[in-house]
Amino acid sequence: GGGHVPPLLVVAGELRRRGHAVRVVSDVANRAAVAAAGLEFDAWRRAPNRRLPARPDDPLQDWRSRWPAAVVRALCEGVICRPAAAYAADTLAMLGEFEPDLVVSNELLFGVHAATEAAGRPLALLTANVWCFPTREDQPPFGPGFAPARYEWQFRRDGSTRRLIAAMYDVGLDDLNAARRRLGLAPLGATLQQLQAARLVVLGTSRAFDFGAGTVPSPFRYAGPLFEAGVAADGASRLLDPGRPNLLVAFSTAWQAQAPLVARCIEALAPLPVHAIVTRGPALESAALPRAANVVEVDQAPHAALLPHCAALLCQGGHGTLLRGLMHDLPVLCIPTGRDQFDNAQRLVTHGAGVRLRRGCSVRAIRRAVESLLREPAWRERAASLGAAIRAEADHGRRAADLLERAVVESF
């Protein structure tokens, strides 16, 4: 769900344009988006299956706690391990019906990975963000939002943190191994060993954004940001004010209890000589947000149509929203609340392209950060430099499709 869906549709659409038969399997909540892309759809049958997007009763309840062990437990219980047997049963049934040459899975669906392994089919993972597990030793461990190590003590810190976070996932090992036993697979000694079933991991992010990663270990490959080639304006110009700096305030389509934070952003912008567009999305459609004369709230609007006319972006640091802003040379105020956002925010500040604030930041802190981004040209200059590097890697899913096609050829 959330930011995972558009990159999936970009790559699936590119594969279909090349003449491949593609079936997209996801929650019923994503049926309309898949159908609009002209792709074949199948819904989960036994596995968790949201019928509406961005609901607070989403099986992934990671927003309830910021304690790392609790977040990992929520992931294991909601998606990775506890429902693994259900995901595996659905996958086996669909493998028999569709008989794919390659299964391309989200990185969190370990039940899918195990079923594909049991069926002897090749497996590739497609990410919609930076790699979210502590299994890349060439990158800081995912989660804490560390900058790249430079000193010996930082390398030691990264190593110990990587091992600590990996061990947290073993809270779900019994559930995962129970699913594997049903499939006739040997038990694993650690939960994250299941990732070794994948022959290829396609990283749907920019190498330049990802700390300018150098030599990339197998099975990881960068495909660049996975965005569609174009977007219709759909009346987006009416939301803009040509006489004042326009700001886009976009705090995720996924439910993360972000309404109080968005409310503080609106209060911070109210006295400033700016015009702000707040896209509520399904996560905020029922939230009671404050009103301001210089703020317009809409349920949805195409960010790609608004960002070229904006002076700055305010967001949580979700991968897709953040990269879109940077690709339009915008300095960003990033206020992460969880998931991949702390690590994305660290990449932003390492490149000097924006400001990061903590989730509990005050109205005054938000206002001062926005004033700095608009007043000091260095922010936009550094954002433009990073944005140019990201744009150079964006090819609307063509490299991702190339990598997946190659994985099929190499499997025979």
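**Exercise 1. An aromatic pair across the sequence**

Is Trp44 buried or exposed, going by its relative accessibility? Work that out, then find its ring partner and say what the pair ties together.

*Solution.* One thing before we start: this is a predicted model.

Step 1. Trp44 has a relative accessibility of 10%. Buried means under 20%, so Trp44 counts as buried.

Step 2. Now look for the partner. Trp44 forms an aromatic pair with Tyr87. The ring centres are 4.8 Å apart and the planes sit at 85 degrees. Planes over 60 degrees apart count as edge-to-face, and that is the label for Trp44 and Tyr87.

Step 3. Check the other ring. Tyr87 has a relative accessible area of 5%, so Tyr87 is buried too.

Step 4. Place both on the chain. Trp44 belongs to the loop between strand S2 (40-43) and helix H3 (68-80), while Tyr87 is part of helix H4 (residues 84-98), so their pairing ties together parts that are 43 residues apart in sequence.

**Exercise 2. More rings**

Trp131 and Phe133 also pair up. Describe their geometry, then list the cluster they belong to.

*Solution.* Step 1. A pair of aromatic rings is described by the distance of the centres and the angle of the planes. For Trp131 and Phe133, those are 5.5 Å and 70 degrees, which is edge-to-face.

Step 2. Both Trp131 and Phe133 are buried.

Step 3. Widen the view: Phe110, Trp131, Phe133, Tyr169 and Phe220 make up one aromatic cluster. In the whole structure there are five aromatic pairs.

**Exercise 3. Helix H5 and its neighbours**

How many of the ten residues in helix H5 (residues 110-119) are buried? Once you have that, work out how H5 sits against H4.

*Solution.* Step 1. Seven of the ten are buried, so H5 is mostly covered. The buried ones are Phe110, Gly111, Val112, His113, Ala114, Ala115 and Thr116. Phe110 has already turned up, as a member of the aromatic cluster.

Step 2. What do those buried residues pack against? Their partners are H3, H4, S3, strand S4 (123-126) and helix H7 (173-182).

Step 3. Zoom in on H4. The axes of H4 and H5 come within 7 Å and cross at roughly 45 degrees, and the two helices are therefore oblique to each other. Their crossing is right-handed.

Step 4. Name the contact residues. H4 brings Ala84, Tyr87, Ala88, Thr91, Leu92 and Leu95, and H5 brings Gly111, Val112, Ala115, Thr116 and Ala119. Sort them by type and you get eight nonpolar, three polar and no charged. Tyr87, the ring partner of Trp44, is in this contact as well.

Step 5. Look just past the end of the helix. Gly120 follows H5 and has a positive phi, near 70 degrees.

**Exercise 4. Another helix pair**

At what angle do helix H1 (residues 5-17) and helix H15 (residues 398-411) pack? Say what that makes the pair, and what the contact is made of.

*Solution.* Step 1. The angle is about 65 degrees, with the axes 9 Å apart. Angles of 65 to 115 degrees count as roughly perpendicular, and H1 and H15 are therefore put in that class.

Step 2. The crossing of H1 and H15 is right-handed.

Step 3. From H1, Val11, Glu14 and Leu15 meet Arg398, Ala400, Ala401, Leu404 and Glu405 of H15. By type, these residues are five nonpolar, no polar and three charged.

**Exercise 5. Backbone oddities**

Which residue does a cis peptide bond join to Pro219? Then compare Glu99 and Phe211, which both have a positive phi without being glycines.

*Solution.* Step 1. The residue is Ser218, and omega for the bond is about 5 degrees. Pro219 lies in the loop between strand S5 (200-203) and strand S6 (220-222).

Step 2. Take Glu99. Its phi is about 50 degrees, and the residue lies in the loop between H4 and strand S3 (103-105). With 56% relative accessible area, Glu99 is exposed.

Step 3. Now Phe211. Its phi is about 60 degrees, and Phe211 is in the loop between S5 and S6. At 16% relative accessibility, Phe211 counts as buried.

Technical notes: Residues are numbered from 1 along each chain as its sequence is written. This is a predicted model: local features need pLDDT of at least 70, side-chain atom pairs count only at pLDDT 80 or more; totals for chains, interfaces and linings use all residues. Side-chain values use heavy atoms; hydrogens and water are left out. Axes are lines fitted to C-alpha atoms, for helices over the stretch in contact, and angles run from 0 to 180 degrees between N-to-C directions. Helices (H or I, at least four residues) and strands (E, at least two) are DSSP runs, numbered from the N terminus. Angles under 35 degrees count as roughly parallel, over 145 as roughly antiparallel, 65 to 115 as roughly perpendicular and the rest as oblique. A crossing is left-handed if the near helix is turned anticlockwise from the far one by less than a right angle, and right-handed if clockwise. Contact means heavy atoms within 4.5 Å. Ala, Val, Leu, Ile, Met, Phe, Trp, Tyr, Cys and Pro count as nonpolar, Asp, Glu, Lys and Arg as charged, and the others, Gly among them, as polar. Rings of Phe, Tyr and Trp (its six-membered ring) pair if their centres lie within 6.5 Å; planes under 30 degrees apart count as stacked, over 60 as edge-to-face and the rest as tilted. Buried means under 20% relative accessible area, exposed over 50%, partly exposed in between (1.4 Å probe, protein chains only).
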